[in-house]
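Me: I'm new to this structure and would like a close look at one part of it. Could you take me through how the helices pack, and then show me what lies around them?

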Amino acid sequence: MKKVFLNLLKQPITNSYLPNLKNTTLKNEFFYNLSMAFDTSNYLVSIKKPINPKKQYTDKYAHRASQSKTMNIAFRKIANKLKKKFKPRLLMEIGSNDGVFIKNYNKKNIIAVEPCKNLAKITRKNGYLTFDNFWDLKLSKKIVKKKGKIDLVYSANTISHIPNLNEVFKSISYCLEKNGVFVFEDPYIGSVIKNNSYDQFYDEHVHLFSFISISNIVKKNNLKIIDVEILKTHGGSIRFYVAKAGSRHKVSSRVKKIFKYEIKNKLNKFSTYKSFSKRVAKSKKKLVFLLKKLKRNNKKVISYGATYKSATIFNYCNIGPELITFVTDSTINKQGKFTPGKHIPIKPPCDLVKEKIDYAFLGAWNFAKEIKDKEKKFIKKGGKFITHVPNINII
Ligand code: JHZ
């Protein structure tokens with residue numbers, strides 16, 4: 001049974017950056033109710049009523065995974081690790097975005113799957129075989145027919161975006177070699193609970209995974225988790241290594257450890273999520289109080305990174321341009337636009353000192369270190385950052 005534990009109110013599609021604020025544009029803006037639910041039968045946390053993926057993954061998809069140095073390094077590291085560990089002959093990435101992971105591989109050995117046509121165009125132009133379709137059984141069969149079975153499938157920040165997980169794993173099972181491995185990583189619900197990072201809940205994050213929830217779902221599809229890692233990326237992610245139930249792969253000792261951790265931290269209990277939702281309400285109150293106080297004191301506050309995550313915060317907390325003057329973002333196709341729902345202008349990176357900025361809210365808090373390294377001058381001149389993770393804080 002799916003039980004709702006958190007209502008994040010009316011939210012827009014996070015990828016729908018507005019090109020202007022004309023009446024016709026505003027009239028067409030899509031909103032839905034974002035409610036998070038816990039499934040008491042398999043322990044999975046999901047959006048109660050996800051929106052249609054065709055509305056989200058369009059040819060205007062804005063996020064470029066290659067925009068941060070941190071992620072470039074992380075993808076290079078995992079690409080090298082997988083090469084060494086599995087020595088794959090044929091690989092595939094599901095959700096290849098602008099090619100930040102596949103660029104670490106020889107073009108002949110890797111297949112890209114990316115439903116956003118504008119992104120698929122980039123990897124295709126760079127010489128990679130790219131399928132611009134959603135991942136499902138039909139596509140899995142099409143790829144196997146063309147290229148044969150696959151040794152290694154990798155996916156980052158994509159599987160959690162797909163509503164029908166049974167179809168995901170059935171399609172994986174179909175395309176994998178007998179001893180093939182599926183490696184995927186997504187934000188970890190354990191970190192969300194620990195960090196109070198409720199901004200990980202937005203339209204694209206249809207699910208937030210735990211080890212216990214995924215182990216239930218893979219079992220149903222004749223697969224097994226052979227290893228698991230907790231990562232620092234994106235403020236706390238979980239990486240699963242999955243293989244066929246009858247394959248030669250042994251199960252790592254980490255699997256038992258993470259299971260114990262999750263049971264100890266009650267990730268299988270509805271009450272954990274219910275008390276988390278109370279902390280979320282407190283966080284909202286404190287953030288709005290702080291921003292209003294800064295406004296009264298004539299402080300200039302901006303937000304750093306037009307993240308999808310911050311769309312949840314601004315819409316849930318009702319924070320608009322009256323409290324955040326503008327958002328700065330290095331992604332060219334977000335610049336000059338307006339944030340979804342609250343319509344805060346997005347500007348290219350600028351000199352925060354010259355712009356007389358007093359405070360920058362960390363919309364991209366997951367890159368706090370990278371941002372602080374970049375903004376040494378701002379910090380030296382007394383500029384401060386605001387974060388909501390794990391508590392509302394000025395740093
Ligand atoms: P970032 C996206 O979420 C969407 P977002 C997606 N659904 C997902 O799952 C996660 O990524 C993984 C900018 N920036 O990665 C670049 C600067 O401007 O936290 C990005 O627009 N200056 C696929 O949007 C944004 O911040 C900088 O110095 O929440 C970061 O977005 C740095 C480091 C980043 O993901």
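Reply: Here is a walk through one helix and its two partners, followed by a few other spots.

Keep in mind that this is a predicted model. Let's begin with helix α6, which covers residues 165–175. Two packed helices are described by the angle between their axes and the distance between the axes. That gives us a handy way to look at α6 with each partner in turn.

Take α5 to begin with, the helix made of residues 137–147. Its axis and that of α6 are 8 Å apart, and the angle between the two is about 15°. Angles under 35 degrees count as roughly parallel, and α5 and α6 are therefore roughly parallel to each other. As for handedness, α5 passes α6 in a right-handed crossing. Who actually touches whom here? On the α5 side you'll find L137, S140, K141 and V144, and they meet E167, K170, S171, Y174 and C175 of α6. Sorted by type, the residues of this contact come out as four nonpolar, two polar and three charged.

Now for the other partner, α8, which runs over residues 211–220. The axes of α6 and α8 come within 9 Å and cross at roughly 55°. That angle makes the pair oblique to each other, since it falls in none of the ranges for roughly parallel, roughly antiparallel or roughly perpendicular. This crossing is right-handed too. From α6, the residues making the contact are L165, N166 and F169, while α8 brings I217, V218 and K220. By type, the contact of α6 with α8 holds four nonpolar residues, one polar and one charged.

There's a backbone detail to look at in the loop between β7 (150–156) and α6, where N157 sits. Most residues other than glycine have a negative phi, and most peptide bonds are trans. N157 isn't a glycine, yet its phi is positive, at about 55°. For an unusual peptide bond, go to the step from V389 to P390, which is cis with omega near -5°. You'll find P390 in the loop between β16 (384–387) and β17 (393–394).

What about empty space? Let's look at the second largest pocket, with about 680 Å³ of space. Its lining is made of 24 residues, and T70, I73, A74, K232 and T233 lie nearest the centre. Which element gives the most to that lining? It's α3, with nine residues. α3 (69–86), β10 (223–231) and α12 (368–374) each supply at least two residues. The lining as a whole divides into 11 nonpolar, four polar and nine charged residues.

There is also a closed space: the structure holds one cavity of 30 Å³ or more. The largest cavity has about 50 Å³ of space in it. Around it you'll find T14 and Y17, then A306, T307, S310, A311, F314 and N315, and finally T339 and P340. How do these lining residues divide by type? Five are nonpolar, five are polar and none is charged. The lining of the second largest pocket, by comparison, includes nine charged residues.

How values were computed
Residues numbered from 1 in each chain as written. Predicted model: local features only at pLDDT ≥ 70, side-chain atom pairs only at ≥ 80, totals over all residues. Heavy atoms only, no water. 1 Å grid on protein atoms, 1.4 Å probe; cavity = no way out; pocket = protein on both sides within 12 Å on 5 of 7 lines; lining within 4 Å. Points joined across faces, edges and corners; volume = space filled by probe spheres on them. Nonpolar A, V, L, I, M, F, W, Y, C, P; charged D, E, K, R; others polar. Axes fitted to C-alpha atoms, helices over the stretch in contact; angles between N-to-C directions. Helix = DSSP H or I, 4+ residues; strand = E, 2+ residues; numbered from the N terminus. Parallel < 35°, antiparallel > 145°, perpendicular 65-115°, else oblique. Left-handed = near helix turned anticlockwise from the far one by under 90°. Contact = heavy atoms within 4.5 Å.
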